[in-house]
Amino acid sequence: LAASPTVLTSWMRAMRTALERAGCDSVALFRAAGLDVALLADPEARYPLSGTTRLWQLAVAATGDSAFGLRVASQISPASAHAVGFALPTSATLKDAFQRIARYSRIVTDVGSMELRDHGDEFHVLISTPANAPHPADEAVDAFVSVQVRMSRALLDREVSPLRIELCRGVPRERYN
């Protein structure tokens, strides 16, 4: 049997901060999801995907915010991705940065994979999970994609917007810019 997918706890620290800012009892929500809050202090600790998926569900219910992943993304820093996050500014181009993310994304989570495809003047970023594997919460994917856009803007030091984002989910009720 393959090991269950996991996520670095550092990403969930951002979730805890966003929950607290939304006026929620983050400790109670982590406990309800079966996640030990003490692990947030361990930079190498990992949570099982099943627990983080449950936490996302509880967070959306507690906040009433179906786009809560976008709130969490605003709390994620380069340190959340360990060395990968700190290495991104050394990328010569945005494409190089995405290639680095794709290559080392398994450090942050082993849930799925990220692939870059060249299409002339564009490159496409595909994020996928195996058909037989559990999928991350929609809000987790929202946070990940939002972090990629924020990272692009920071690396280029200007406003950058993707030409298109396609997600396999419904549109959240809330919309943020």
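Phe30 is buried, and Tyr47 is buried as well, and I should say at once that what we are looking at is a predicted model. These two residues form an aromatic pair with 6.2 Å from centre to centre and 55° between the planes, an arrangement that counts as tilted. The pair links distant parts of the chain, since Phe30 sits in helix H2, residues 26-32, while Tyr47 sits in strand S2, residues 46-48, and the two are 17 residues apart.

Let me turn to another pair of rings, Trp56 and Phe68, whose centres are 6.4 Å apart and whose planes stand at 70°, so this pair is edge-to-face, because planes over 60 degrees apart fall in that class. Trp56 belongs to helix H3, residues 49-63, and Phe68 to helix H4, residues 68-73, so the pair ties together parts that lie 12 residues apart in sequence. Are these two rings buried or exposed? Trp56 has a relative accessibility of 5% and therefore counts as buried, and Phe68, at 2%, counts as buried too, because the cut-off for that word is under 20%. The count for the structure comes to 3 aromatic pairs, and the two I have described are among them.

Now to charge. Side chains of opposite charge can pair when their charged atoms come close. How many salt bridges does a search of the whole structure find? The search finds 1, and it is formed by Asp65 with Arg71, whose closest N and O atoms are 3.8 Å apart. Asp65 is buried, with a relative accessible area of 8%, whereas Arg71, with a relative accessible area of 41%, is partly exposed.

Note on methods:
Residues numbered from 1 in each chain as written. Predicted model: local features only at pLDDT ≥ 70, side-chain atom pairs only at ≥ 80, totals over all residues. Heavy atoms only, no water. Phe/Tyr/Trp six-rings, centres within 6.5 Å; stacked < 30°, edge-to-face > 60°. Helix = DSSP H or I, 4+ residues; strand = E, 2+ residues; numbered from the N terminus. Buried < 20%, exposed > 50% of the residue type's maximum accessible area, 1.4 Å probe, protein only. Salt bridge = Lys/Arg side-chain N within 4 Å of Asp/Glu carboxyl O.
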